Amino acid sequence: MSLQTLTHEARLYSVEQIRDIETRALAHQGEVTLMQKAGQAAAGLAIKIGAIKQDPLLILAGPGNNGGDAYEAGNQLSRQGYKVVCIMCGELENYSQDAQAALQRAKNAGLEFVELDALLHGPQQNWSMVIDGLFGIGLKRAPEADIARLIEFVNQLAAELAIPVLAIDVPSGLNADTGQPASTSSAVIQASHTITYIANKIGLHTASGKDYAGHVTVNKLDISENFFPECHCHLNERTSLLHAMAPRQQNSHKGSFGDVAILGGAKGMAGAAILAARAAQYSGAGRIYCGMLAEAPAYDSLHPEIMFRKIGEIALTNTTVVIGPGLGTSTSAYGLLTGAILTAKALIIDADALNLIAADTKLQAMLSNRNNSCILTPHPLEAARLLNKKVADIQSNRLQAAQALARQFNAVVILKGSGSVICHPDGDLLINTTGNPALASGGTGDVLAGIAGALLAQACSSIDAARIATWVHGHAADALVARGTGPIGLTASELLPEIRSIINQLVYQTKACH
């Protein structure tokens, strides 16, 4: 997958890669160490987001270099007149040389140190901010005993006082690779802001990471670009989408923008197919056909542009097919899916079509052997069925699951959820930056499939169709929520006009989308 990277912040690296970059950079650090630079950056951000001099800041300093970064931040803030109180949560002998030096500077600067019990059981102070430097990217197990109690105390304190919590590198307790807590019952710092060093971390942008990290700022610590390896995981951002679709020529007609066929709509589930068809209409497809397993309506009274057909009346060889919305798992559905896999020019497989494939090795083999464009859009449960795993296994490493699906089925995969993961068959990954809980409602997945189908029909590549559709889908929900519609109660149908507007803004760049 070839992807233009417009910002350093859009590149995502694993913990192993970050460790390697850091090791090589440490050998070339100048008079001002990386730890001192990290502390300066954290102090600067703390002031920017609301630290005040009237009330003290609470710094949680753990046993590793993350604690050293926190001490350096405290030193910088103290020099600028802020009152800083530290909780030391590690043994001195476990500190690196740089972290020991940072601790000594903190003591020399007169920072106040308090014991954990005194903090937990003493009189409550009016803290202006908490800076979390307990654990960095090297966390191997869930915080235990006193540290877990401290994390829970800070989360409750921050909620009650409505004060900012700034996490250094990653919120303590969160796995920087997977975006999940270290264990199912693990305590995790609930940060309002995270300053992450060297490069952006995968786990801050998918799964639970989006809930815990808050607003993420990346600081490169002035490390030379020469130390960074080629990147194969990126954020799916607006800036990378701007040139993926060309403006329409004046000399065009409906045939210029492709045909989309929506196949599904078993008895009682016609709405799913209609939603997908409407989404394809709003996303710019030239002609939309809707093939229903149940008796099809004569027309859609809201959108009579959509043409309804009986199953078998739609030629698939020159058509982009979206199969799965409301499909069911009947024998008729199985036959329809078989024909679509074998003959469709381009294919988006969603919902029950994925469940049929998960249950049948013949369908799996057919899909793997397809040479034409194909996009799979599973949610975690559907992904678990396809990979014969549990949902917890999928969610414990969403990127790995998406890669496994893309490789097995030779398809582009959109693994839906918080920080949807988009994977090319070559293993390159994107994590989507848009979306919110408003999308956790019936029908929104059908809308996403319809958008992807329309974009494929308009000659986008599979990866471009997937990444544009996912970003637009999420951004439509974000825009509506920002204007007061939702997140509670927002419906899939309400997304459609917003989707049309956003696609036009992307193509014609007449108005910035944030």
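These legends accompany a set of close-up views of a predicted model.

**View 1. R11 meets both a carboxylate and an aromatic ring.**
Start with the salt bridge between the side chains of E225 and R11, at 2.6 Å from N to O. E225 belongs to the loop between β9 (215-219) and β10 (233-236), whereas R11 sits in the segment before β1 (12-13), so this contact ties together parts that are 214 residues apart in sequence. R11 is buried, with a relative accessible area of 13%, while E225 is partly exposed at 37%. The charged end of R11 also sits over the ring of F228, 5.6 Å from the ring centre.

**View 2. Y13 and F228 form a tilted aromatic pair.**
Here the ring centres of Y13 and F228 are 6.0 Å apart and the planes make an angle of 50 degrees; this falls between the 30 and 60 degree limits, so the pair is tilted. Y13 comes from strand β1 and F228 from the loop between β9 and β10, so the two rings tie together parts that are 215 residues apart in sequence. Both Y13 and F228 are buried.

**View 3. D222 reaches K37 in helix α2.**
The loop between β9 and β10 appears again, this time through D222. D222 forms a salt bridge with K37, with 3.7 Å between the closest N and O atoms. K37 lies in helix α2 (residues 34-49), and the two partners are 185 residues apart. D222 is exposed, with a relative accessible area of 65%; K37 is partly exposed at 23%. For context, a search of the whole structure finds 13 salt bridges.

**View 4. Helix α3 makes two side-chain contacts, through E72 and Y71.**
E72 forms a salt bridge with R105, the closest N and O atoms being 2.2 Å apart. E72 is in helix α3 (residues 65-79) and R105 in helix α4 (residues 97-108), so the bridge ties together parts that are 33 residues apart in sequence. E72 is buried, with a relative accessible area of 3%, and R105 is partly exposed at 28%. Next, look at Y71 and F113, a tilted aromatic pair with 6.1 Å from centre to centre and 40 degrees between the planes. F113 lies in strand β4 (residues 112-114), so its pairing with Y71 of helix α3 ties together parts that are 42 residues apart in sequence. Y71 is buried at 0% relative accessibility, whereas F113 is partly exposed at 29%.

**View 5. Strand β6 pairs with β5 and with β7.**
Strand β6 (residues 165-168) is covered on both faces: V165 and A167 are buried on one side, and L166 and I168 on the other. Three bridges join β6 to strand β5 (residues 129-133), and the two run parallel. I131 has L166 as its bridge partner in β6. Between β5 and β6 the chain passes through helix α6 (residues 145-161), giving a right-handed β-α-β crossover. Strand β7 (residues 193-197) pairs with β6 in the parallel sense, also over three bridges; here I168 is partnered by I195.

**View 6. Helix α16 is mostly covered.**
Helix α16 (residues 462-482) has 21 residues and reaches 30 Å from its first C-alpha to its last, close to the 30 Å expected. Of its 21 residues, 18 are buried. Just after α16 comes G484, with a positive phi of about 100 degrees.

**View 7. R248 sits over F257.**
The charged end of R248 is 3.5 Å from the centre of the F257 ring.

How values were computed. Residues are numbered from 1 along each chain as its sequence is written. This is a predicted model: local features need pLDDT of at least 70, side-chain atom pairs count only at pLDDT 80 or more; totals for chains, interfaces and linings use all residues. Side-chain values use heavy atoms; hydrogens and water are left out. Helices (H or I, at least four residues) and strands (E, at least two) are DSSP runs, numbered from the N terminus. The expected span of a helix is 1.5 Å times one less than its number of residues. Buried means under 20% relative accessible area, exposed over 50%, partly exposed in between (1.4 Å probe, protein chains only). A salt bridge is a side-chain nitrogen of Lys or Arg within 4 Å of a carboxyl oxygen of Asp or Glu. Two strands pair if DSSP finds at least two bridges between them. A crossover is right-handed if, with the strands pointing away from the viewer, the path from the first strand over the helix to the second runs clockwise. Rings of Phe, Tyr and Trp (its six-membered ring) pair if their centres lie within 6.5 Å; planes under 30 degrees apart count as stacked, over 60 as edge-to-face and the rest as tilted. A charge sits over a ring if NZ of Lys or CZ of Arg is within 6 Å of the ring centre and within 35 degrees of the ring normal.
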